[in-house]
Every structure is written in C-alpha cells, then in structure tokens.
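Trainee: Could you take a close look at one part of this structure for me? I'd like to hear about one short helix and what surrounds it.

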Amino acid sequence: LVYIGIRIVLTSTSAKDKAKYKKMLKDWLVALCILFTIHYIMSITVTVVDNINEVIQASTIGEGGEDVLLTTLRNEIARGDDWGEVIVQVVIYFVLGVYTVIFTIQYFRRTIYIAFLTMIAPLITLTYPLDKIKDSKSQAFDIWIKDYIFFVLLQVVHLLIYYILVGSSLDLANSGNWMFALVAIGFLVPAE
C-alpha cells in the first residue's frame, strides 16, 4: 500500500495512470481479503482430506489399529500351506517393509514442505499486489495454492494406491498368480 501510494504521488495523474492505480488498490484489497481467509482455506483443505482419509481407513485399518492388509499377509505366511506361495508372500512382505522406510522419508519431507508453505502463506498473500503490478498475474500465489493443495491431497492418493495395489497383490498371490502379485506391488512407487 505504501509502495502504491508513493507511485501515485510521484507520477503523473493522467486518466490512464488513475485507472492503473485504481486497479493496484483493488489488487491490494484482494490481497488483504486473501490474507484474512487463507487460513480458512488451509483449514478446510486439511479437514476435507482428513474426512476422505477416515472413509478410506475404514477398510484398511482394523479395530485394534492394525493394518488389515499386512495382518492378512502375516496370517497367510504363518499358515503357509504351499512353499511357493509362502516365498512370494515373504517377498511381498519384505518389499512392503522397504516401501515403509521409503514412504516414511517421503512423508517426512512432505510434512516439512507443507509446514514451510503454511509459514510463508501470509508473505505470499502480501506479495500478491506487487506480483500483479507487472503482468496482472499473481504467479507466486498461484504456485503456492497449487502446491499446498497438491501436497495435502497427495496423502489421499497414496492411501488409495496403497489400498488398491497391496490388496490386489495379496489377492493375486493367494490365487497363485505370483508374477502379477510382484508386478502389482512393484508398481507402488511408479504409480505414486
């Protein structure tokens, strides 16, 4: 606002300049509105993702808090009727253990990135009018909102991919299609 005020005072006041400064003031007011609503946008996004996760978790997490798919896999390994199936199931279990480490590191990085985006949210909204001065576009705010929503919604996508691919690989391994089971479990990272 101070920057826009200084430009109004120092430059000529032709009709074209007045329209330009009026637009700048309007952008400043929009940025002020965004500043006061950005936290609601972030809160609504996180709440929606939590609600979607609760719906999906109903079929992936058991009553005791255990992972239904991994518990089923451990029980199948313990029963172990056919050694060929047991070996495939142990390989799948080992791969899921490796994926757990990989995804834990990725989620830790993502959490730090989301925390960073949350901290800079007020700064991004304050730079909104300055960013719109040059080309009437707010690239910083657009990038910020896309990244924030993408990284928060990514958790839902990961949960769906996990549920679909791990469930499919367990079903395939139990039906004797061990090659397809290994391909399905190996597709977890590329699908992500």
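What follows is a walk through helix H6 and then some of the helices around it.

Mentor: Sure, and keep in mind that this is a predicted model. Let's start with H6 itself, which covers residues 178-186. Which of its residues are buried? They are Ala181, Ala184 and Ile185. Looking down the axis of H6, those buried residues fall within an arc of 95°, so they line one face of the helix. That fits the usual helix geometry: with 3.6 residues a turn, residues three or four places apart point the same way. Flip to the other side of H6 and you get Met179, Phe180 and Val183, which are exposed.

So what do the buried residues of H6 pack against? Three helices: H4 (83-135), H5 (139-174) and H7 (188-191).

Let's follow H4 for a bit, and look at its rings. Tyr99 and Phe103 sit 4 residues apart in H4, which puts about one helical turn between them. Tyr99 has 11% relative accessibility and Phe103 has 15%, and with the cut-off for buried at under 20%, both count as buried. Their ring centres are 5.8 Å apart with the planes at 35°, so this pair is tilted. For contrast in geometry, take Phe150 and Phe151: the centres are 5.1 Å apart and the planes stand at 80°, which makes the pair edge-to-face. Phe150 is partly exposed, at 47% relative accessible area. The full count of aromatic pairs comes to 6. Ring pairs also link Tyr128, Phe141, Trp144 and Tyr148 into a cluster.

Tyr128 turns up again if you look at the connection from H4 to H5. The loop between those two helices holds Ser138, and at 6% relative accessibility this serine counts as buried. What does Ser138 touch, leaving out residues up to four places away in sequence? Its contacts are Tyr128, Asp131 and Lys132.

One last stop, on the surface. Tyr40, Ile44, Val48 and Ile52 form a nonpolar patch there, and together they have about 400 Å² of accessible area. Ile52 belongs to helix H2, residues 15-60, and is partly exposed, with a relative accessible area of 33%.

Definitions and conventions: Residues are numbered from 1 along each chain as its sequence is written. This is a predicted model: local features need pLDDT of at least 70, side-chain atom pairs count only at pLDDT 80 or more; totals for chains, interfaces and linings use all residues. Side-chain values use heavy atoms; hydrogens and water are left out. Buried means under 20% relative accessible area, exposed over 50%, partly exposed in between (1.4 Å probe, protein chains only). The arc is that of the directions from the helix axis to the C-beta atoms. Contact means heavy atoms within 4.5 Å. Rings of Phe, Tyr and Trp (its six-membered ring) pair if their centres lie within 6.5 Å; planes under 30 degrees apart count as stacked, over 60 as edge-to-face and the rest as tilted. Patches are made of residues with over 30% relative accessible area and no salt bridge: like charges are joined within 9 Å, nonpolar side chains (Val, Leu, Ile, Met, Phe, Trp, Tyr) within 5 Å. Accessible areas come from the Shrake-Rupley method with a 1.4 Å probe; for residues, only the protein chains shown count as cover. A salt bridge is a side-chain nitrogen of Lys or Arg within 4 Å of a carboxyl oxygen of Asp or Glu.
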